[in-house]
Structures are given as C-alpha cells and as structure tokens.
Amino acid sequence: MIIGYARTSTIDQIAGLEAQLRELEAIQCQKIFQEQVSSVARRVQLEAALDFAREGDVLVATKLDRLARSVADLMTIINTLEQKAVGLRILNLGMDTQTPTGKLMLTVLGGVAQFEREMMLERQREGVAKAKAAGKYKGRTPVATEIKQEVVSLAESGMAKTKIARQLNIGEATVYRILAAAKTA
C-alpha cells in the first residue's frame, strides 16, 4: 500500500497543503495522513501513519522538510520504517529508501537540509539583533485586552481551544498563553 503524509506548519498554509495532497493523489496513495502543525510540535498524524504502515508498504512525502525536522528525526523515522519493512519515498528528491543509494542520498540531503535551516535561523537572529540595536525591532504586537477576555470567556464556556483560535483568528499557542497567564493572575 502507498501511504501519503502531508504537513504544513500553520493552518494558514492551505495552498501548500492542497498542493501536497494533489501530488500524493497523483501517485495513487491509497491512504493519506495530513496535518497542519509545526514540525517541532507533536505530529499526531505522522505517528498515526507510522503506526498504520505494514510490511511491504511505502510511506511517501512530497518534500523532506514536510516529514522530518532534523537528521536525527529523519533517522528515527527511517529506523521505525525499517523495523516494519516499510519503504520511504520523498517525491521532490526522487529518493527511495528501498535502495541502498536512496538511503545514503536521503541521509546526506537530510544533513544538508538541517545545515541550511540552522544557517537561516542564525541569519534571522543576527537580523533581529541588528534591528533591535537600531531601535527598529519592537517585537510582536500584544494581543488586545478585549481578545484576551474573549478567550478566557469562551474557554470558561467549554469551547475547545482550537475553535477559540479559529473564531478569534489567532494562533492556538496564543490561546494557551492567554489561558496560562489568566490562571496565574
């Protein structure tokens, strides 16, 4: 069975998720797991896909960064799949772990991707530090008091945190921060 996995970091990246789903459907994935969650958060649908996969299956992702956050994470995923005799394909790289060359290339490219991400984060930190020194960086604008009160009110009425975030057009993490601050206040 060909199993697809699609992920975007935020719920705002609808076009990116739809593009991944189209690619996975085009290669005739029989089952597709999808989620919109940061790679650093718990990826429930990835866990479900890994659990669902059986011997002889192939897990497919459109891009390496949609699947793994680091080389260590990639190797953990590959090891999990190997123990179950499940292959892994990354479409945009043409990589397939069912061949020794594919496994080697995936590991090398995973290292390069991790290096690239770390360099990007370093440049971002440098840019923020420079902007702060020049007095141009003010940080994120604070959430309005009315929205904070609305979050607390909706949570007290029993509404789920994800629904609160969608209704108020704010991130889930913001909802959790507001509620945590309200508890300590």
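Two strands are taken to pair where DSSP finds at least two bridges between them. On this basis the predicted model contains an open sheet of 5 strands in the order 2-1-3-4-5, with mixed pairing. Strand 2 (31-36) and strand 5 form the edges, each pairing on one side only. Within the sheet, strand 1 and strand 3 run in the parallel sense and are joined over 4 bridges. One residue pair can be named here: I3 has L59, in strand 3, as its bridge partner.

The largest nonpolar core comprises 21 residues, of which L59, L67, L74, L88, I90 and L106 touch the most other members. At least two residues of this core are supplied by each of strand 1 (2-8), helix 2 (44-52), strand 3 (58-61), helix 3 (64-67), helix 4 (71-83) and strand 4 (87-90). Helix 4 provides the largest share, 4 residues. Another core, of 9 residues, lies apart from this one and includes V151, L154, I170 and V175. In soluble globular proteins, nonpolar side chains tend to be buried together.

The surroundings of L67 were examined with its neighbours within four places in sequence left aside. Under that condition L67 is in contact with Y5, R43, L46, L59, A61, D73, L74, I77, L88 and I90. Among these contacts is R43, a residue found in the loop between strand 2 and helix 2. R43 counts as buried because its relative accessibility is 6%, where the cut-off for a buried residue is under 20%. With neighbours within four places in sequence again excluded, R43 is in contact with Y5, R7, E35, V37, S38, L67, A68, R69 and D73. Y5 and D73 thus appear in the contact list of L67 and also in that of R43.

Helix 5 covers residues 100-133, a total of 34 residues. At 1.5 Å a residue the helix should span 50 Å, and its end C-alpha atoms are 50 Å apart, so the expected span and the computed distance agree. Buried positions in helix 5 include G102, L106 and G110. An α-helix has 3.6 residues a turn, so residues three or four places apart point the same way. The buried residues of helix 5 are covered by elements including helix 3, helix 4, strand 4 and strand 5 (95-96). L106 is also one of the residues that touch the most other members of the largest nonpolar core. Just after helix 5, G135 takes a positive phi of about 75°.

How values were computed:
Residues are numbered from 1 along each chain as its sequence is written. This is a predicted model: local features need pLDDT of at least 70, side-chain atom pairs count only at pLDDT 80 or more; totals for chains, interfaces and linings use all residues. Side-chain values use heavy atoms; hydrogens and water are left out. A nonpolar core is a set of buried Ala, Val, Leu, Ile, Met, Phe, Trp, Tyr and Cys residues joined through side-chain atoms within 4.5 Å. Buried means under 20% relative accessible area, exposed over 50%, partly exposed in between (1.4 Å probe, protein chains only). Contact means heavy atoms within 4.5 Å. The expected span of a helix is 1.5 Å times one less than its number of residues.
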